Amino acid sequence: MKIRKSNPMDLAAMQRIYDAARRFMAEMGNSSQWQGSYPSNDLLLADMKRDVSYVVEHNGYIVGTFAFIPGEDPTYASIEGAWPDNEPYGTIHRIASDGSMHGIADACLEFCLSKRINIRIDTHADNKVMLRWVERAGFARCGIIHIADGTPRIAFQLTKK
């Protein structure tokens, strides 16, 4: 697998992946996360402009995508619980795969860990697949945060020293 920054020519492939991820989440009992057309092309293009948007390729074919945002995330400023530390971190957002192969989330995490010591991530309580992955990957459950629309998400942090 190869991870590279995304570009506007990748939008169709990225939306294909998010469509597949929404269908998969709904099949697994999580029909309320990423409703409608989230994430929008405008959001993905804004991520690209900020140089925080990535795709995962296998044999030249895009099989996954995510945003890795270094620095403080305003959504994480208030938590019902506690972060283990206040050290610099980066946040993984909008991670998704097309389901064609295993190991995409692990490759994403390895890539992100090479950029930062602390990694934060959050997910919906109904996203059982993501909850299993973050726990298996060694993330610590830190508490509940609320995203921009006010809905709660379970927040995690992984600290590698």
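Trainee: Let's start with helix H1: what relative accessible area does Arg 16 have?
Mentor: Happy to! This is a predicted model, where local features need pLDDT of at least 70, side-chain atom pairs count only at pLDDT 80 or more, and totals for chains, interfaces and linings use all residues. Residues are numbered from 1 along each chain as its sequence is written, while side-chain values use heavy atoms and leave out hydrogens and water. Arg 16 is partly exposed (between buried, under 20% relative accessible area, and exposed, over 50%; 1.4 Å probe, protein chains only), its value being 29%.

Trainee: Which residue forms a salt bridge with Arg 16?
Mentor: A salt bridge needs a side-chain nitrogen of Lys or Arg within 4 Å of a carboxyl oxygen of Asp or Glu, and here the closest N and O atoms are 3.4 Å apart. The pair links distant parts of the chain, 82 residues apart: Arg 16 in helix H1, its partner in the loop between strand E5 (89-97) and helix H3 (104-113). That partner is buried, with a relative accessible area of 18%. The residue is Asp 98.

Trainee: Arg 94 and Asp 47 form a salt bridge too; how far apart are the closest N and O atoms?
Mentor: Strand E5 holds Arg 94 and helix H2 (residues 41-49) holds Asp 47, 47 residues apart. Arg 94 is buried at 11% relative accessible area, and Asp 47 is buried at 2%. For this pair the N and O distance is 2.6 Å.

Trainee: Arg 153 is buried yet has no salt bridge; how far away is the nearest side chain of opposite charge?
Mentor: Arg 153 lies in strand E8 (residues 152-159), and a 3.1 Å polar contact joins its side chain to that of Thr 151. The nearest side chain of opposite charge belongs to Asp 122. Its distance from Arg 153 is 4.5 Å.

Trainee: How do E6 and E8 run relative to each other, parallel or antiparallel?
Mentor: The open sheet of 8 strands has mixed pairing, in the order E1-E2-E3-E5-E6-E8-E7-E4. Within it, 6 bridges join E6 (residues 118-123) to E8, and Thr 123 stands opposite Ile 154 in E8. The two strands run antiparallel.

Trainee: Back to H1: what is the relative accessible area of Phe 24?
Mentor: Phe 24 is found in helix H1 (residues 11-27). With Met 28 and Val 129, Phe 24 makes a nonpolar surface patch of about 240 Å². Phe 24 is partly exposed, at 39%.

Notes:
Patches are made of residues with over 30% relative accessible area and no salt bridge: like charges are joined within 9 Å, nonpolar side chains (Val, Leu, Ile, Met, Phe, Trp, Tyr) within 5 Å. Accessible areas come from the Shrake-Rupley method with a 1.4 Å probe; for residues, only the protein chains shown count as cover. Helices (H or I, at least four residues) and strands (E, at least two) are DSSP runs, numbered from the N terminus. Lys and Arg count as positive and Asp and Glu as negative; His and the chain ends are not counted. A polar contact is a pair of N or O atoms within 3.5 Å; within protein, one must be able to donate a hydrogen and the other to accept it, and residues adjacent in sequence count only if both atoms are side-chain atoms. Two strands pair if DSSP finds at least two bridges between them.
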